[in-house]
Amino acid sequence: MHARMTIVEAEPDQADSFLSVLQEQVLPRARQWQGYRGVVSLIDRSTGKIVTVTFWETEEAMRASDESAGQLRSDAMADAGVSQPPTVERYEVAVFEV
């Protein structure tokens, strides 16, 4: 399994707006991508920092979604009024337990 981590540094008063856009616009589209396996989003409400990790069946599936995910990410940032560009990192998942 592989994961793409996106870190958004929003103003604290923008964080809920970003999360709403994530839930209402981004995730419905992401669920349609081949190899998508789920998401976890974490928030520090005092700083507005949001860490979102999407999980992918294979590295190839994750990489195949990069361009579409980038566009969705840009749209979500604009719709939520977040101006600072996000940080995006990719990993192989070493341990996963729910």
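Strand β1 is mostly covered in this predicted model, with seven of its eight residues buried (under 20% relative accessible area, where over 50% is exposed and anything in between partly exposed; 1.4 Å probe, protein chains only). Strands here are DSSP runs of E with at least two residues, and helices are runs of H or I with at least four, numbered from the N terminus. Residues are numbered from 1 along each chain as its sequence is written, local features need pLDDT of at least 70, and side-chain atom pairs count only at pLDDT 80 or more. Totals for chains, interfaces and linings use all residues, while side-chain values use heavy atoms and leave out hydrogens and water.

The sheet around β1 comes next. It is open and antiparallel, built from four strands in the order β2-β3-β1-β4, two strands being paired if DSSP finds at least two bridges between them. At its edges, β2 (36–44) and β4 (87–92) each pair on one side only. From one strand to the next, the twist averages 15°.

On one side, β1 (residues 2–9) pairs with β3 (residues 49–56) through eight antiparallel bridges, and E9 has K49 as its bridge partner in β3. With β4, β1 forms six bridges, again antiparallel; here A3 stands opposite Y91.

Helices complete the picture. Helix α1 (residues 15–30) lies across β1, β2 and β3 and runs at about 180° to β2; such angles, from 0 to 180 degrees, are taken between N-to-C directions of axes fitted to C-alpha atoms, for helices over the stretch in contact (heavy atoms within 4.5 Å). Helix α3 (residues 66–80) also packs on the sheet, touching β1 and β4, with its direction at about 20° to that of β1.
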